[in-house]
Each structure stands twice: as C-alpha cells, then as structure tokens.
Amino acid sequence: MRRFFFFQLLCWCVAALQLNAQAKPNVVFIFIDDLRPDLGCYGNAVVKSPHLDQLAGKGALFTNEYATVPTCGASRFGLLTGRYPAEKAALGNEAAEKIISGKPQGASPETFIEQFRRNGYHTVGIGKISHSADGYLYGYTEPRSNKPELPNSWDEMLFNAGKWQTGWNAFFGYADGSNRQGKKGQVKPYEAGDCDDDGYPDGLTANLATEKIRTLAQSNQPFFLGIGFFKPHLPFTAPRRYWDLYDEASIPLTPSPNIPEGVNPASLHQSGEFNQYKSGDEAASLSTPLSDNYARKLRHAYYAAISYVDAQVGKVLEAIRKNGLDKNTIIVVWGDHGWHLGDDRVWGKHTVFEWSLRSAFIVKTPGSNNGVVRNEIVSAADIYPTLMELCGLKMPYRGDGESLAKLLQQSPVPSWRNTAISYFNKGISIRTPRYRYTQYFREATPVIELYDHLSDPRENKNSAAENPKIVAEMQQRWQKEIENARKIYKARQRNNGTDTQKAMGNTTRLVKQLS
C-alpha cells in the first residue's frame with residue numbers, strides 16, 4: 001500500500017512538472033538583418049510585406065524602437081544582454097566573441113537565450129542570431145570552425161549552407177553559389193536570381209525552421225527558437241519573382257537626398273560597406289549623390305529582398321499555426337537596426353541618425369488578435385526584460401532596459417520612460433518623443449546636434465545653434481540617462497566583486513572609452 005502511495009505521488013509530481021512546462025509559453029524570435037521599418041504596416045505603401053503586415057495586425061507594432069548600436073554584432077549584443085555598451089568592445093561586431101564566448105555558464109553578461117535554457121527551455125538557433133552567420137566563430141574566408149559564438153545559449157545550433165558550403169559564404173552569396181569574398185569584391189550589390197526561394201540561403205533557413213517547428217511541437221518541453229534571416233542585408237539579392245512585384249520607375253527616392261544642414265560630414269560616412277561591391281553601377285560618396293536611376297534600382301533591390309524575407313517569415317508563421325503552437329507561442333520579429341537608402345547621401349548603417357537606428361519590431365503574444373500600435377520610444381535593451389516577464393522568469397542581473405509587457409495592450413501607459421540611447425561614431429544620441437539630441441566626442445565641429453521631430457521628422461536640419469535653451473534641457477536629460485547607465489553598470493560590477501572605481505571612473509571616462 002505504501003509503495004502504491006509513493007508511486008501515485010511520483011506520478012502526480014511528474015504530471016505537475018509536465019503541466020507547468022506546458023504552461024510556459026514558447027518563444028519564436030525572428031531576427032531580420034538590416035530591416036528598417038519599411039513595411040506596409042509601417043505605412044510604406046510601396047513595399048509588399050503581407051505576412052509581416054498580418055502579424056502586426058494581430059500583435060503589437062512598435063513604431064519607435066531603436067538599436068543601442070547601429071552595427072550588426074553590437075546591436076545584437078545589446079539586445080541579447082539587455083545592456084548599453086559599457087566598454088569599447090561592445091561597440092563592434094565582435095562584441096559577443098570578445099565579451100561572452102570564452103566565459104563559463106552563468107557568467108555575466110548572459111544572453112536571454114542562456115537564461116531560457118537554464119530555466120528548462122529547449123533552445124534552438126538557426127542562422128544569424130548574434131554576429132556569426134551560422135553561430136560559429138571563423139573568418140569570412142576560412143573553413144567553418146566548431147567554436148560556438150554563444151556556447152552556453154544553445155541546445156542546438158543549425159544551419160544549411162547549401163551550395164555556399166559555409167555560413168559566411170552563404171551570407172554574402174549569389175544564386176550561382178559564388179560569394180563576395182570568393183570574387184574578391186568584384187560583384188554587384190544586387191541580384192535578381194532566376195531561381196526559386198531555395199536558390200538563396202534564407203529559403204533554406206525557412207525550410208529548416210518549419211521542420212524544426214514540427215518536431216518541437218511533439219515535445220512537452222517549452223522551447224526558444226531563434227531564426228536569423230540574412231536579407232535585406234547586402235547584397236540585395238532575391239529571386240526574380242520578388243523583383244517583379246515592383247514597378248521600378250514608380251519607386252520614390254529619398255526625401256533626404258543631401259547632407260543635413262548644419263552637420264559636419266564626420267557625423268556620416270562614405271558608404272564603405274556598400275562600396276565593397278566593386279562591380280556596382282556607381283560608387284557612393286558624400287560629395288555626390290548616386291544618379292536617380294541607380295538609386296531607384298538599389299531601392300528596388302532592397303524592397304525585393306524585403307518581400308523575399310517576408311515570404312520566408314510567412315512559412316514560419318504558417319508552420320506555427322499548422323502545428324497547433326499559435327495558442328502558446330510568443331512571436332517576435334526584430335530588425336537589428338535601420339539603414340540609409342541614400343538618405344543623407346549614405347548607403348548603409350553606422351550613424352546615430354534616425355535612418356540608421358530605427359528598426360522594425362513586432363510582438364505577438366498568445367491570445368492577442370487585435371493589432372496594437374505603440375508610438376512610445378523604446379530600446380532594443382528593453383526586449384530582454386520583456387521576454388523574462390512574459391515567460392515568468394527573473395532577470396539574472398539588472399539590465400539597462402525596462403519590460404515592455406505593459407505596452408502590449410491598447411491601454412495608455414503614462415509612466416513609460418520614453419527615451420532610447422544609442423552609441424556610435426564617437427557620438428552618444430538620445431531620442432525622446434520630440435527630439436533627437438546627439439553629442440560627439442571629436443575635434444570636428446559642430447559636436448552638438450539637435451533635431452525637432454515635430455517640424456523635421458527626417459532630421460534634415462541641425463537646429464542646435466538656434467535653440468540653446470532646448471539644447472541645455474536635452475543635454476541635462478542626456479547627462480541624466482548616461483549617469484543612470486553608469487550607476488547600473490557600477491551595481492553590476494559590485495555584484496561581480498570588481499573594483500568599480502577602477503573599472504569605471506567617472507562619466508567622462510566612460511564617454512572617452514566609448515568614443
């Protein structure tokens with residue numbers, strides 16, 4: 001009788017654990033490289049993005065989400081750790097490699113994926129989640145290594161490199177199996193491939209993801225699935241049928257074709273990444289804009305790449321629904337930063353202007369079916385605590401962000417922070433609902449920029465010189481945010497048992513580090 005009682009108790013405990021596991025929501029997080037908010041749901045009437053638009057129509061669309069750093073690896077590091085950059089290494093593409101890769105499990109900082117894994121989630125990554133194209137550390141022209149970029153985050157890291165053989169070859173790949181580095185840059189920055197979706201890497205990634213969703217649906221264990229699509233990152237490649245969705249002649253050009261008034265060119269750049277594609281029709285520079293015809297062709301290419309990746313996202317969303325996971329799965333779509341499409345004569349990211357920092361961000365929670373549009377200012381650093389709250393998990397440390405969970409409903413949230421801080425190019429920028437204030441730490445003047453988004457939403461004129469009172473107010477707010485970030489960093493350092501004063505110094509020293 002006693003044996004029977006203990007057997008029954010054991011069965012009850014196992015059932016309770018299984019029920020608890022099933023109650024935890026799954027998370028499917030879709031990372032889309034270089035996706036600025038140029039989608040139908042963001043008001044672009046030209047771009048064809050039906051699947052992302054439909055997702056936004058059922059979830060929460062954030063119209064003002066900003067990257068912490070406008071370059072792929074550093075932006076993703078800020079997202080994954082929920083932190084603003086507190087050291088120079090956090091500003092570069094190798095941020096995860098330098099700060100996370102060699103550390104033991106549980107060391108700070110840790111990604112939210114590691115936190116999911118340590119709390120009973122099965123974690124799967126497919127494609128580019130941090131900086132590496134396939135999750136492993138090796139150079140663009142080297143064979144794939146077996147050293148993971150995020151060693152403590154994944155139960156499984158998957159990628160199908162297809163005819164390109166390695167992740168980096170695939171990332172810079174063309175439909176014939178060639179790639180930018182193999183061709184020594186003698187390639188165009190665009191291609192309309194005579195192929196189906198699987199003729200480019202993102203089609204293979206979508207196939208992997210849909211198959212993995214099918215197998216994950218058969219388990220009682222909650223899961224985190226990260227899916228990293230390459231497009232619309234350069235080269236702007238897509239099957240021809242996505243190009244055919246557009247009439248190139250009717251694609252509008254940028255409303256900001258010139259360098260903003262009152263701005264030193266040092267705040268921008270010469271489109272170096274874009275010009276690595278040496279067989280392009282024209283080279284970009286700040287001195288002269290590209291011709292209208294070529295600018296339209298490139299915008300056409302970028303839009304075709306968006307439509308292509310939108311179709312791959314559609315396959316993932318259908319797999320979630322088809323396998324009965326839609327009722328208990330959080331879906332996140334995030335573009336790691338924006339991109340200047342000829343705006344301010346720049347083709348690329350790597351600035352602290354609106355074009356480069358603002359990106360697409362959509363959250364769909366189980367049970368939500370009425371689209372919510374949130375116009376508050378939010379940061380990529382807010383996403384980590386948001387996922388923790390939605391999944392009933394604790395933050396392993398105090399990050400720089402704040403949970404967005406209260407913004408996922410239509411009701412007003414009067415107490416929201418409404419600021420986002422971004423770092424790059426020897427500058428630190430703060431975005432508020434009305435203004436962008438940027439301060440640079442360099443010799444080239446002016447070092448202060450102010451943009452009034454009420455009268456100048458495209459940041460075409462630096463109005464700092466004529467608004468000293470507003471500059472003073474914004475500088476005070478900027479200083480407060482920097483000081484707050486410094487205090488959070490000091491608290492983290494104390495918890496790690498390090499000498500905070502030696503590591504941090506004062507705010508000026510931090511600024512010098514970051515510049």
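**Sheet, helix packing and nonpolar cores**

An open sheet of three strands, with mixed pairing, follows the order S12-S3-S15 in this predicted model. Strand S12 (358–359) and strand S15 (378–379) occupy the edges. Each of these two has a single partner strand, so one side of each is left without a neighbour in the sheet. The pairing of strand S3 (residues 65–66) with S15 is parallel and runs over two bridges. Within S15, valine 378 stands opposite glutamate 65. Strands of a sheet pair through backbone hydrogen bonds, in either the parallel or the antiparallel sense.

Helix H2 (residues 50–58) packs against helix H10 (residues 292–322), with axes that come within 7 Å and cross at roughly 50 degrees. The two helices are therefore oblique to each other, since an angle of this kind falls outside the roughly parallel, perpendicular and antiparallel ranges. From H2, the residues in contact are Pro50, His51, Leu52 and Leu55; from H10, they are Asp310, Ala311, Val313, Gly314 and Leu317. By class, this contact comprises six nonpolar, two polar and one charged residues.

The largest nonpolar core has 113 residues, and those with the most contacts inside it are Phe29, Phe112 and Phe116. H10 gives the most to this core, with 16 residues. When residues up to four places away in sequence are not counted, phenylalanine 116 touches Val27, Tyr121, Thr123, Phe224, Leu387, Met388, Cys391 and Leu393. Another core, of 20 residues, lies apart from the largest one and includes Ala74, Ala381, Ile428 and Leu450.

Two of the residues touched by phenylalanine 116, Leu387 and Met388, belong to helix H12 and are buried there. Of the eight residues of helix H12 (residues 383–390), six are buried, so this helix is largely enclosed by the rest of the structure. Besides Leu387 and Met388, the buried residues of H12 are Ile383, Tyr384, Pro385 and Thr386. Just after H12, glycine 392 adopts a positive phi of about 70 degrees.

A buried loop position is found at leucine 91, in the segment between helix H3 (72–81) and helix H4 (95–99). Its relative accessibility is 13%, and leucine 91 counts as buried because the cut-off for this class is under 20%. Leucine 91 is 16 residues from serine 75 in sequence, with a C-alpha to C-alpha separation of 8.1 Å in space.

Conventions. Residues numbered from 1 in each chain as written. Predicted model: local features only at pLDDT ≥ 70, side-chain atom pairs only at ≥ 80, totals over all residues. Heavy atoms only, no water. Axes fitted to C-alpha atoms, helices over the stretch in contact; angles between N-to-C directions. Helix = DSSP H or I, 4+ residues; strand = E, 2+ residues; numbered from the N terminus. Parallel < 35°, antiparallel > 145°, perpendicular 65-115°, else oblique. Contact = heavy atoms within 4.5 Å. Nonpolar A, V, L, I, M, F, W, Y, C, P; charged D, E, K, R; others polar. Buried < 20%, exposed > 50% of the residue type's maximum accessible area, 1.4 Å probe, protein only. Core = buried A, V, L, I, M, F, W, Y, C linked by side-chain atoms within 4.5 Å. Pairing = 2+ DSSP bridges.
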